[in-house]
Amino acid sequence: MLVGREQERHVIGKLVASARVGESGTLVLSGEAGIGKSALLEDAAVAVTEAGMRVLRAAGIDAEREVPFGGLLQLLRPVLGHLDAIPAPQAEALGSALALVPGSGGERFAVGAAVLSLLSRVADDGPVAVIVDDAHLLDPPSAQALCFAARRLTADPVVVLLAVRDETPSVVSSAGLPTLALGGLADADAAELAGSLGRRLPDESRARLLSSTGGNPLALLELTDEGFDALPPGAPVPVPASLARTFARRADALSEGARTALLVAAAAGGDLAAITDACALLGVSVGDLDEAAREQLLTVDAHRVTFRHDLVRSGIYAEAAPGARRAVHAALAQAVPADDVDRRAWHLGEATASPDASVAAVLDEAATRACGRGAWAVAAAGFDRAAGLSPDPAHRAQRLVSAAESAWRAGLPDTALDQLARASELPRSPALRTRAAALDGTVAARTGSVERARDVFVTAGTQADVDPDTAVAMLAEGVLACMFAGDVATAEAAAARIAELEPRTARARWVGSMATAVADILAGHGGPDLLRAAMAEVDQYLDDPQLAPWLVILPLYLRESTVGRDVIPTVVAHSRRRSDIGGLPILLFYVARDQATTDRWDDAVAGYTEGIQLAREAGQATDLTACLAGLSWLEARRGDADACLAHAEEALAIAGEHHLGFHQTWAVTALAERELNLGRTDAALERFRELDVLLADLGLVDVDISPAAEMVEVLVRQGKTDEAGALAASLTARAEVKGQPWSLARAARAAGLTCPDTDVDVCFSVALAYHQHTPDAFEAARTELAYGSRLRRMKRRVDSRPHLRSALATFERLGAVPWADQAASELRATGETAQRRSATGLDHLTPQELQVASMLAGGRTTREAAAALFLSPKTIEYHLRNVYLKLGIRSRAELAGAIPG
């Protein structure tokens, strides 16, 4: 019987009702031990079963937290028959995780994507309720996968109910899921529960009981059982934190055999067969558990032992002497089934108090198997325990590095860095030292410590005992870190070292060329020729995840309309297929940047938005800053002043904390363009000058990131023609040195704004000719606007109109509202009425709706789009219905015609 909790039951009831009609819901019940979370889940389970919903249940068990995906197998076992109905890569990832098929260890998010697809598929047959008690005790890989799926359930008939202890940090409690904190029962309900055992307490004792327990149901029941009314006045009342000791004291009254059997059950995780055999090895009988059952500490059925509450199990285990616990684990290591090697390994580890090479080897093997299943958090803990039991320091170092690699892939960067630090104090071979450096630099680069990443990579790449191919790879990563930090000098030095090496493989030579080209471009010393040469070899590397950043940088740095435009979407498609969410944010940044410099601004907003979401989820500060800065820049040009300010300020805060100079320049650029589009030219010029100083301080002299072209325009508006002319001349000289169409076009535009009237047509014609060789529609329209405006001021109104019309059309197509307004104003000043574009349904699509529409319009099926975007098919259909409504269409064929290709 559930006493009270009407409000909580109402909240859960609404979620269940919504799920039954196709609206997903997730709720985490959080509270202290004994507060009634399990009772609420049981009440919900009865309700959803009576409503005809399919129920998938699991419970976290402390003794099984090191069993890879044990919780997920418990939850999904009844529906694994549907595994072949989800996308093949996801089915393979989940099958490998659950040890149903061999695997080589995939990305940690791939299993979560598979869980999402599987739940969605099961829900096709009817509403589903997922109920997990003690979710804080789930093995971390299971908890990560379940939370990943729960965050993305939107339009499926699925409700997810999880219970966690609020005093216990866990994957679930930190996942950002909707949470309902449970407090104690109201006084009337608490009194009813306390009196439910048929005993009456004196009024004074009853008042003390209700106030001291805070309405905790378990405390009310157990303390009443213990004879609370006999406690002397003023005696401290045991509350939930000490309930475990209450249960342990109850166990003290049992016979010695029963206490031993009880400790075996507490350490075993509930498997009756293993408990029976372990008890026999310890000279006691599993029948001795009957004493504990009579004391209502546990129940025993045909297959499992179930404790009344986890506090019973944890209290008994915690109160046992360390030697007794080790003896029990040793017996269980022999008692578990022969094929349950992972559980045997864990028990051996817990049974061993001092270094033991054979036990360390068993734990190492178990951790390696966990890697093969993608259970990276379990693998990290296993390798770490194996290291602690390794007598040989060299083996200890190797296992710590393996632990760190697994921890990083599990999304635990702090744990990885701690393990690397411990490994650094031990003797390491050159190969292991380089391996550790590669991981150390990667963790630092992705989590925002780019200066430390730079130092780690460059130092590792200049070691005398490192082979040339590895040295090139390390130094190339160092160049990337330098780019993010805005450190040109170190990038040039790393490139110079690469030039001295003689790599053996074509792959290493290609990476070296790419790194050298980027360093040269940052320093303003050329580089495009190397990029063009590298472009000729990209096909053989398109599916190489380690080279993905270089592959997408290549066309972005070239900025040419005819070279490598198909490389970026191909690389991103490969990453989506692998469910490589950890690698996706920076790729999405590059994709969005490419789209923002062409004519696909809406797609760019969607890409930046997804990148921000995934970077937050993966804890990647560097990539988060990149996407925030890129989005703010685009928002400035679109006239989204408030959003631009918010995103730019967040980017600057993170960039300042982590010394991300490159992205800091982008955010400052966004704020400068925001001021310009608000008509505040003085403030805009001040921001551009701030940016110029920042670039100089960083040594970033690449003309492509200089604000000189924008500054010339502002100075002309302010009538400062001499300063504008000098700046335009300097810009032209720098652009000619680089020799790329994009920078030459901008320089020619600046010259056109400052030249004598007689040279206007020549300068702007040159600019427009260069624009023909770049994909940047905004820059071309900006030149058309500048040309038309200059012609109008020269009283050549008829000649100005075609350029102003062209600029207006492009700005409106892009969604550059302030610029379109400016072009329309200039056109009206020529005596022509501007024909403004009316808002269309596309303007009202959210970034995610646009992403869904673009994928489906491009020919992907609903399930393919769902897999690519890590959503469920029903969520894709939900967004598609909104798209149809907003666009006024009814079919995929109409969609293909409505969405720009």
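Which residues in H23 meet which residues in H25? Let's start with that helix pair and then walk through a few other spots. Please keep in mind that this is a predicted model.

**A helix pair**

From H23, the residues Asp469, Val472, Ala476, Val479 and Met483 take part. Their counterparts in H25 are Ala508, Val511, Gly512, Ala515, Val518, Ala519 and Leu522. Sorted by character, the residues of this contact of H23 with H25 comprise 10 nonpolar, 1 polar and 1 charged. Helix H23 spans residues 468-485 and helix H25 spans residues 506-523; they pack at an angle of about 30°, and their axes are 9 Å apart. Angles under 35 degrees count as roughly parallel, so H23 is roughly parallel to H25. The crossing of H23 and H25 is left-handed.

**An open sheet**

Now to the strands. An open sheet is built from 5 strands, in the order E2-E3-E4-E1-E5, with parallel pairing. Strand E2 (54-59) and strand E5 (179-181) stand at the edges; each has a single partner strand, so one side of each is left without a neighbour in the sheet. On average, neighbouring strands of this sheet are turned by 15° against each other, direction ignored.

What is the partner of E5? Strand E1 (residues 25-31) pairs with E5 in the parallel sense over 3 bridges. If you would like a place to look, Val28 stands opposite Thr179 in E5.

**A buried loop residue**

Is Ile86 buried or exposed? Ile86 sits in the loop between helix H3 (70-76) and helix H4 (88-97), and Ile86 counts as buried because its relative accessibility is 6%, with the cut-off for buried being under 20%. Leaving aside residues up to four places away in sequence, Ile86 touches Ala91, Ala114, Ser117, Leu118 and Arg121. Val286 lies 200 residues from Ile86 along the chain, and the C-alpha atoms of the two are separated by 44 Å.

**Two loop residues with positive phi**

Most residues other than glycine have a negative phi. Two residues with a positive value are set out here.

| Residue | Phi | Loop between |
|---|---|---|
| Gln296 | about 60° | helix H13 (289-294) and strand E6 (298-300) |
| His659 | near 60° | helix H32 (641-658) and helix H33 (661-677) |

Gln296 is not a glycine, although its phi is positive, and His659 is likewise a residue other than glycine. How accessible is His659? His659 has a relative accessible area of 43%, so it is partly exposed.

Notes:
Residues numbered from 1 in each chain as written. Predicted model: local features only at pLDDT ≥ 70, side-chain atom pairs only at ≥ 80, totals over all residues. Heavy atoms only, no water. Pairing = 2+ DSSP bridges. Helix = DSSP H or I, 4+ residues; strand = E, 2+ residues; numbered from the N terminus. Axes fitted to C-alpha atoms, helices over the stretch in contact; angles between N-to-C directions. Parallel < 35°, antiparallel > 145°, perpendicular 65-115°, else oblique. Left-handed = near helix turned anticlockwise from the far one by under 90°. Contact = heavy atoms within 4.5 Å. Nonpolar A, V, L, I, M, F, W, Y, C, P; charged D, E, K, R; others polar. Buried < 20%, exposed > 50% of the residue type's maximum accessible area, 1.4 Å probe, protein only.
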